[in-house]
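Here's a quick briefing for anyone meeting this protein for the first time. Have a look at the model, then read on.

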Amino acid sequence: MVRISLSMIMLILLLLTGAVVNSAQAAFVSVSGSQIKLGEALRLKVRVVEGESLQYVLSQLPWQQWQEHFAVELHSHGSERATYYLYPYQLGQFELAASENFSGRQILVVPNSMVDISWDRWQQPYVYQRQSWAWKAKVKLADSSLRVSLAKFSGDEWQKNPEGLQVSFGQQSLLSGEIVGELDSWYQWQAPKQDSVLDEFDSAVSGTAAVEQVPLMNIERQQRFYSPAVVVQQPSSSRPWKFFDRPVDLTIKPLPSFLPPQVLLGQLNLQPQAMPMWGQKGDLLYWQWQISGAQMSQTDFKTAMQQLLVEQPKNVEFEWFAPSIEFSEDQLNQAQLRIPLRLLTTGEAALPQWQWRYFDLQSGKLLVEQAPQQSIWVLAPWHLYSLYLLAAFLTVCLVLLLWAIGYFYWQRQRLLQWLKSQQRANQLAPQLWLYCARLNLQPQVHSWLQWQQQMGIDANLRESLEKAAYASSKDGAWCDALCVVLSRQHFSWALLKTYAKHFATLLSNKVRRLFSRS
């Protein structure tokens with residue numbers, strides 16, 4: 001019996017020794033490579049034997065030290081195996097710290113000559129709840145065949161963005177063929193409504209401990225946020241490069257309690273577009289506003305803007321319709337507000353001076369901006385018809401005026417050319433008298449004296465012309481003198497009245513003839 005007992009004891013010791021050896025080999029942790037390019041990933045594989053806890057082995061890895069230099073992304077996870085991708089934040093040499101099942105490794109991160117990424121992150125140490133802030137990436141490629149896009153941070157249980165974070169994108173990808181561009185994302189965090197902290201206090205009445213729940217949205221707290229991923233797809237590889245910015249730790253401040261539930265946030269710049277100076281009764285117009293500088297999600301912006309519009313005064317000179325809000329495709333903090341309104345009355349209609357209330361996140365103050373005064377002259381249909389007739393009349397008058405001026409200078413030029421071709425003064429009359437009558441739209445004269453009075457010619461010139469005509473002189477001095485005098489004749493106000501009277505006479509004769517025929 002003693003021998004059997006010793007044998008059993010030896011067998012038990014042998015089994016225990018084997019169990020210890022097997023337990024030492026129950027988990028395997030491996031990392032692929034020791035040198036990678038920026039954008040490439042280290043592949044971390046964790047495997048356990050059947051019956052061992054994978055979650056326990058994962059919890060023993062030094063994730064906190066690894067996360068200082070790498071963004072961790074879960075690739076696959078099973079009951080006995082898990083694979084993670086570790087993307088470096090920047091260039092340099094880093095150490096993956098050792099653990100119980102991992103011996104540690106030195107990692108060298110070298111530049112990626114195909115992609116250059118520079119990050120533009122939030123610089124303030126705090127943000128307000130419901131405030132949106134930008135996280136941008138400036139991308140420069142060495143090859144136009146690369147495809148670039150911006151994606152949300154996926155992470156894993158060791159690295160993840162807080163619950164309640166909303167991420168939206170403006171410019172999310174580069175167009176095909178582009179090698180330089182800027183991608184932008186917008187972050188906004190708000191405490192989930194169900195979240196609260198417990199505050200224990202002693203009840204003075206019962207003497208027992210009570211618990212008060214304080215919503216997280218009413219307290220200040222620290223949060224860590226992880227950047228979006230710039231994903232670069234290579235044509236020759238199924239595994240993309242991924243680039244991450246370092247996480248940022250921000251203090252989340254609650255909005256002041258005196259603010260209404262729906263309020264605009266940001267450093268707003270509201271610019272109204274000029275309305276037309278006049279319109280017709282019944283016309284449908286659009287009062288448009290360009291709004292920039294908002295720092296909130298598009299959903300919250302629409303809700304706050306609609307609430308603000310409901311509170312604005314609306315005068316009875318207009319019929320107001322439901323407004324529309326359109327956001328810029330490239331800039332998520334820019335929007336256009338279009339307010340349809342119909343003109344109901346005639347006369348001067350003043351648009352109301354609306355007050356835009358918003359919370360300035362930089363100064364922490366509630367500000368009010370007043371719209372500039374604008375007015376519209378509303379005309380009845382007969383007012384418009386009268387304006388159209390007046391405009392048509394003025395247009396006709398302008399055309400006739402231009403025609404009269406052109407006609408005068410054209411006739412004057414013909415007269416001067418004719419004079420230069422004349423050799424004898426006795427050949428001037430009555431052709432000269434006829435040209436001058438056409439020039440001034442007056443009846444033709446039949447003597448030199450009448451011609452002098454009609455043209456306002458100097459008496460000495462008239463006498464010299466008359467003597468030369470009677471003497472049949474061949475001296476051409478009279479021609480030069482006459483051309484000088486006629487070239488000084490210009491279109492005048494008196495001549496305009498003569499032309500107007502002539503046109504009025506022609507028009508009245510035309511009308512009289514039409515009525516006589518009918």
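Of the protein's 518 residues, 37% count as buried, meaning under 20% relative accessible area, with exposed over 50% and partly exposed in between (1.4 Å probe, protein chains only). Keep in mind that this is a predicted model, where local features need pLDDT of at least 70, side-chain atom pairs count only at pLDDT 80 or more, and totals for chains, interfaces and linings use all residues. Residues are numbered from 1 along each chain as its sequence is written, and side-chain values use heavy atoms, with hydrogens and water left out.

**The whole protein**
- You'll find 10 helices and 29 strands here; these are DSSP runs numbered from the N terminus, with helices being H or I of at least four residues and strands E of at least two.
- About 29,900 Å² of the protein is exposed, and carbon and sulfur atoms supply 54% of that (Shrake-Rupley method, 1.4 Å probe; for residues, only the protein chains shown count as cover).
- Take the contacts between residues at least 6 apart in sequence: 65% of them join residues at least 24 apart, where contact means heavy atoms within 4.5 Å.

**A three-stranded sheet**
- One open sheet has 3 strands in the order β21-β29-β26, with mixed pairing; two strands pair if DSSP finds at least two bridges between them.
- β21 (278-280) and β26 (347-350) sit at the edges with a single partner strand each, so one side of each has no neighbour in the sheet.
- On average, neighbouring strands of this sheet are turned by 35° against each other, direction ignored (axes are lines fitted to C-alpha atoms, for helices over the stretch in contact, and angles run from 0 to 180 degrees between N-to-C directions).
- β21 and β29 (residues 375-379) run parallel and are joined by 3 bridges, and G279 has V378 in β29 as its bridge partner.

**Helix α5**
- α5 (residues 381-420) lies across β21 and β29, at about 90° to β29.
- From first C-alpha to last, the 40 residues of α5 reach 59 Å, close to the 58 Å expected at 1.5 Å a residue (1.5 Å times one less than the number of residues).
- Buried residues in α5 include L384, A404, Y407, F408, Q411 and W418.

**Antiparallel partners of β22**
- β22 (residues 284-294) runs antiparallel to β20 (residues 264-272), with 5 bridges joining them; Q271 stands opposite Q290 in β22.
- β22 is also joined to β25 (residues 334-343) by 9 bridges, again antiparallel, and L285 stands opposite L341 in β25.
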